Amino acid sequence: MLLRNNIPLTYIFGKIKKELLLVIAYSVGIVVLYQNFHVTRISIPVAVPALLGTIISLLLAFRSNQAYDRWWEARTLWGAMVNDSRSISRQILSFVENPYQSNEIEAFKEKFIKRQIAWCYALSQSLRGFNPRKGLEEFLSSEEMTFIKKRKNVTASLLELHGMDLKKALNEGWINKYQQIEIDKTLSALCNHMGGCERIKNTVFPVTYSKYISMSIHLFIVLLPFGLIEYFGYMEVPLVVAIAAFFLLVEKMAVHLQDPFENKPTDTPTTTICRTIERDLLQMLDDNKIYEDKPQTELAPFGSYYIL
C-alpha cells in the first residue's frame, strides 16, 4: 500500500515505460516522414482524434469509478473488521464471568482473543493468494493448528472454533443466553465481512470491457500524430507523448484499483490493519489481566466505573 504523499515520478512513469518508448518512436517516425520526406497526405483533421478522445475519456471515467468502488468497498469491509474484532474481544472480556479467578476461564479468554487475531492474518494471507496458515503458530495452540490443517477454508474453520467455544461458555455457565446471542451476532458480522472480501476477490472485472477500452486508447494514440503534425511539426512529439501518458496512466490506475487484494502497492493495506488489530486486542487482554489481578479495593472509583 502506498502511504507516501510524494510519489516519485520514476514509479509513476515506470508503469508505462515500454508504452511511452513505443509512442516516442512512432511519433518521431511520423514527423520525419512529414517534414523530411514531405509525405503530406498523411495529415487528418484534428477533430477525428479529438472526438475519439472524448469518447474514451467518458469510458475511462466510468471504469475508474467502478474500480475505485471495488477498492473502497474492500477498505470499508476491513475497517468494519477492525471494529468488530475490538467488539468481540470486549464482549468476551466483559461478558465471561470469572468470580473465583479460575485459570481455565482466563485461558479461555486469551485463547479466544488470540484466535481472533489469527483469523485476521489468515484472511489477509488467503485473499492475497498466500498460505493462510503461515505465522499462525504464534496465536493458536497445537490442537487448533491441527484442526485448521485438515480444513481447506482456514478462516471459516477459525470462526467455527469461535462458535464451539461460545457454546462451551454457555454450557459452563460463563455467559448467559442473551450474552451468547450478542457475541454470535458479532461472529455473523465477521463472517459477512469475510464473504464480502471473497466476493470482490473472486469476481473478475469484465475482460471484454477492459480489452475494448485498451483497443480504443491504442487507436487514439495511433491517430493522434496525424491530427497534430500539420499544426505543431516536431513539437507534436512531446505533445503526443504527454497526451498518451495521461490516457495510459488513467487506464493503468483503474487496472490496479479494480483488484484490491493482489499484493500491489495500491492494495488495501490488510497487513497494516492486521497489526493494528493485534496491537489493540493484546492491549485489551493485558488491561483485563491487570484488572482481574488487582483487588477491588485497589481500583480507584470514578463515578460508577473503575479506573486502574
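Does Leu-190 count as buried or exposed, and at what relative accessibility? In this predicted model, Leu-190 counts as buried, with a relative accessibility of 0%. The residue lies in helix α7. Apart from neighbours within four places in sequence, its contacts are Met-81, Asp-84, Ser-85, Ile-88, Gln-116, Trp-119 and Leu-159. The C-alpha atom of Leu-190 is separated by 9.9 Å from that of Trp-78, and the two residues are 112 residues apart along the chain.

Trp-78 and Trp-119 belong to the largest nonpolar core, which has 47 residues. Together with Leu-136, Ile-148 and Leu-158, these two tryptophans have the most contacts inside that core. Two or more residues are given to the core by each of α3 (47–95), α4 (103–127), α5 (142–149), α6 (154–172), α7 (177–202) and α10 (270–293). The greatest contribution comes from α4, with 12 residues. A second core, separate from this one, has 19 residues, among them Ile-16, Ile-217, Leu-224 and Ala-245.

The surroundings of Trp-78 were listed without its neighbours within four places in sequence. On that basis, Trp-78 is in contact with Cys-120, Leu-123, Ser-124, Leu-127, Cys-197, Phe-261, Thr-268, Thr-270, Ile-273 and Cys-274. One of these partners, Thr-268, is placed in the loop between α9 and α10. Thr-268 is buried, its relative accessible area being 0%. When residues up to four places away in sequence are not counted, Thr-268 touches Trp-71, Ala-74, Arg-75, Trp-78, Arg-128, Pro-260, Phe-261 and Ile-273.

The loop between α9 and α10 also holds Asn-263. In contrast to the buried Thr-268, Asn-263 is partly exposed, with a relative accessible area of 43%. The phi angle of Asn-263 is near 60 degrees, a positive value in a residue other than glycine.

A further loop residue, Glu-97, is placed between α3 and α4. Glu-97 counts as partly exposed, at 47% relative accessibility. Its contacts, not counting residues up to four places away in sequence, are Ile-105 and Trp-174. The C-alpha atoms of Glu-97 and Trp-174 are separated by 5.3 Å, although the residues are 77 residues apart along the chain.

Helix packing was examined for three pairs. The axes of helix α2 (residues 17–35) and helix α8 (residues 207–232) come within 10 Å and cross at roughly 35 degrees. This crossing is right-handed. On the α2 side, the contact involves Val-23, Tyr-26, Ser-27, Ile-30, Val-31 and Tyr-34, which meet Ile-221, Val-222, Pro-225, Phe-226, Ile-229 and Glu-230 of α8. By class, the residues of this contact are 10 nonpolar, 1 polar and 1 charged.

Helix α2 also packs against helix α9 (residues 236–257), at an angle of about 150 degrees and with the axes 9 Å apart. Because angles over 145 degrees count as roughly antiparallel, α2 is roughly antiparallel to α9. The crossing of α2 past α9 is right-handed. From α2, the contact draws on Glu-19, Leu-20, Val-23, Ile-24, Ser-27, Val-28 and Val-31. From α9, it draws on Glu-236, Val-237, Val-240, Val-241, Ala-244, Ala-245, Leu-248 and Lys-252. The residues of the α2 and α9 contact divide into 11 nonpolar, 1 polar and 3 charged. Val-23, Ser-27 and Val-31 of α2 take part in the contact with α8 and in the contact with α9.

The third pair consists of α3 and α8, whose axes come within 9 Å and cross at roughly 150 degrees. With this angle, α3 is roughly antiparallel to α8. In this pair α3 passes α8 in a left-handed crossing. The residues of α3 in the contact are Val-48, Pro-49, Leu-52, Gly-53, Ile-56, Leu-59, Leu-60, Phe-62 and Arg-63. They meet Tyr-209, Ser-210, Ile-213, Ser-216, Ile-217, Leu-219, Phe-220, Leu-223, Leu-224 and Gly-227 of α8. The contact of α3 with α8 comprises 14 nonpolar, 4 polar and 1 charged residues. Ile-217 and Leu-224, listed in this contact, are also included in the second core.

Methods
Residues are numbered from 1 along each chain as its sequence is written. This is a predicted model: local features need pLDDT of at least 70, side-chain atom pairs count only at pLDDT 80 or more; totals for chains, interfaces and linings use all residues. Side-chain values use heavy atoms; hydrogens and water are left out. Axes are lines fitted to C-alpha atoms, for helices over the stretch in contact, and angles run from 0 to 180 degrees between N-to-C directions. Helices (H or I, at least four residues) and strands (E, at least two) are DSSP runs, numbered from the N terminus. A crossing is left-handed if the near helix is turned anticlockwise from the far one by less than a right angle, and right-handed if clockwise. Contact means heavy atoms within 4.5 Å. Ala, Val, Leu, Ile, Met, Phe, Trp, Tyr, Cys and Pro count as nonpolar, Asp, Glu, Lys and Arg as charged, and the others, Gly among them, as polar. Angles under 35 degrees count as roughly parallel, over 145 as roughly antiparallel, 65 to 115 as roughly perpendicular and the rest as oblique. A nonpolar core is a set of buried Ala, Val, Leu, Ile, Met, Phe, Trp, Tyr and Cys residues joined through side-chain atoms within 4.5 Å. Buried means under 20% relative accessible area, exposed over 50%, partly exposed in between (1.4 Å probe, protein chains only).
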